[in-house]
Amino acid sequence: MNIFDYHDYKDCINDWIEEQPKGGHGQLRQLALHLEINSVVVSQIFRGDRELTLEQALGVSRFVGFTESERDYFLLLVQKARAGTHELKKVIEK
């Protein structure tokens, strides 16, 4: 998986989970434990409309084992997803 091929952080993490042993079974629960949040919240984020906070995104990057540049790109993807206007999304994309 190459994070730099992604434009959506949820797609990236969902693909990473699928690549894990046993198709990633139990990974969302482990991620929730790592982030110290309810597994329902993690499910709502990666399977629904809820977004990560930047603090949670940093925790996800540690959990997945991103390099520094991968982490920075991941944080930008999260910021783009959280942006409230189309204009801001475009600025972050650049």
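This passage walks through the fold of one protein chain, from its overall build to a few of its residues.

The structure is a predicted model. The protein chain holds six helices and zero strands, and reading from the N terminus the order of elements is α-α-α-α-α-α. Its radius of gyration is 13 Å, close to the 12 Å that the globule rule gives for 94 residues, so the chain is as compact as a globular protein of that length. Along the principal axes, the C-alpha atoms fill a box of roughly 40 × 25 × 20 Å.

A few totals help to fill in this overall picture. Of the 94 residues in the protein chain, 38% are buried. Among contacts with a separation of 6 or more, 53% join residues that are 24 or more positions apart. The chain exposes about 6,000 Å², and carbon and sulfur atoms supply 48% of that area. As for charge, there are 12 positive and 15 negative charges, and the mean positions of the two groups are 4 Å apart.

Helix H5 is a good place to look in more detail. This helix covers residues 68–82, and its 15 residues should span 21 Å at 1.5 Å a residue; the C-alpha atoms at its ends are 21 Å apart, which agrees. (The expected span counts one less than the number of residues, which is why 15 residues lead to 21 Å.) The buried residues of H5 are Glu-70, Phe-74, Leu-75, Leu-77, Val-78 and Lys-80. These buried residues pack against three other helices, namely H1 (9–19), H4 (54–64) and H6 (86–93). A general point about helices is useful here: an α-helix has 3.6 residues a turn, so residues three or four places apart point the same way.

Two members of that buried set deserve a closer look. Phe-74, in helix H5, has a relative accessible area of 0% and is buried, since the cut-off for buried is under 20%. Apart from neighbours within four places in sequence, Phe-74 is in contact with Ile-3, Tyr-9, Ile-13, Leu-52, Ala-57, Val-60, Ser-61 and Phe-66. Phe-74 and Tyr-6 are 68 residues apart in sequence, and their C-alpha atoms are 9.2 Å apart in space. Glu-70 also belongs to helix H5. Setting aside residues up to four places away in sequence, Glu-70 touches Ile-3, Phe-4 and Gly-65. Its C-alpha atom is separated by 6.6 Å from that of Ile-3, although the two residues are 67 residues apart along the chain. Ile-3 is thus a contact of Phe-74 and of Glu-70.

Helix H4 brings in further residues. Leu-54 is found in this helix and, at 34% relative accessibility, counts as partly exposed. Not counting residues up to four places away in sequence, Leu-54 touches Leu-75, Val-78 and Gln-79. Two of these, Leu-75 and Val-78, are listed among the buried residues of H5. Leu-54 and Asn-14 are 40 residues apart in sequence, with 18 Å between their C-alpha atoms. Gln-56 is found in helix H4 as well, and with 16% relative accessibility it counts as buried. Beyond its neighbours within four places, Gln-56 is in contact with Leu-35, Ile-37, Ile-45 and Glu-51.

Leu-35, one of those partners, lies in helix H2. It is buried, with a relative accessible area of 16%. Leaving out neighbours within four places in sequence, Leu-35 is in contact with Gln-56, Gly-59 and Val-60. Leu-35 and Ala-83 are 48 residues apart along the chain, and their C-alpha atoms are separated by 22 Å.

The loops between the helices offer one last detail, this time in the backbone. Most residues other than glycine have a negative phi. Lys-22 is not a glycine, yet it has a positive phi of about 60°. This residue lies in the loop between H1 and helix H2 (27–35), and it is exposed, with a relative accessible area of 76%. Glu-36 likewise has a positive phi of about 60° without being a glycine. The place of Glu-36 is in the loop between H2 and helix H3 (39–47), and at 73% relative accessibility it counts as exposed.

How values were computed
Residues numbered from 1 in each chain as written. Predicted model: local features only at pLDDT ≥ 70, side-chain atom pairs only at ≥ 80, totals over all residues. Heavy atoms only, no water. Helix = DSSP H or I, 4+ residues; strand = E, 2+ residues; numbered from the N terminus. Buried < 20%, exposed > 50% of the residue type's maximum accessible area, 1.4 Å probe, protein only. Contact = heavy atoms within 4.5 Å. Rg over C-alpha atoms; globule rule 2.2 N^0.38 Å. Areas by Shrake-Rupley, 256 points an atom, 1.4 Å probe, with all protein chains shown as cover. Lys, Arg positive; Asp, Glu negative; His and termini not counted. Charge placed at Lys NZ, Arg CZ, Asp CG, Glu CD.
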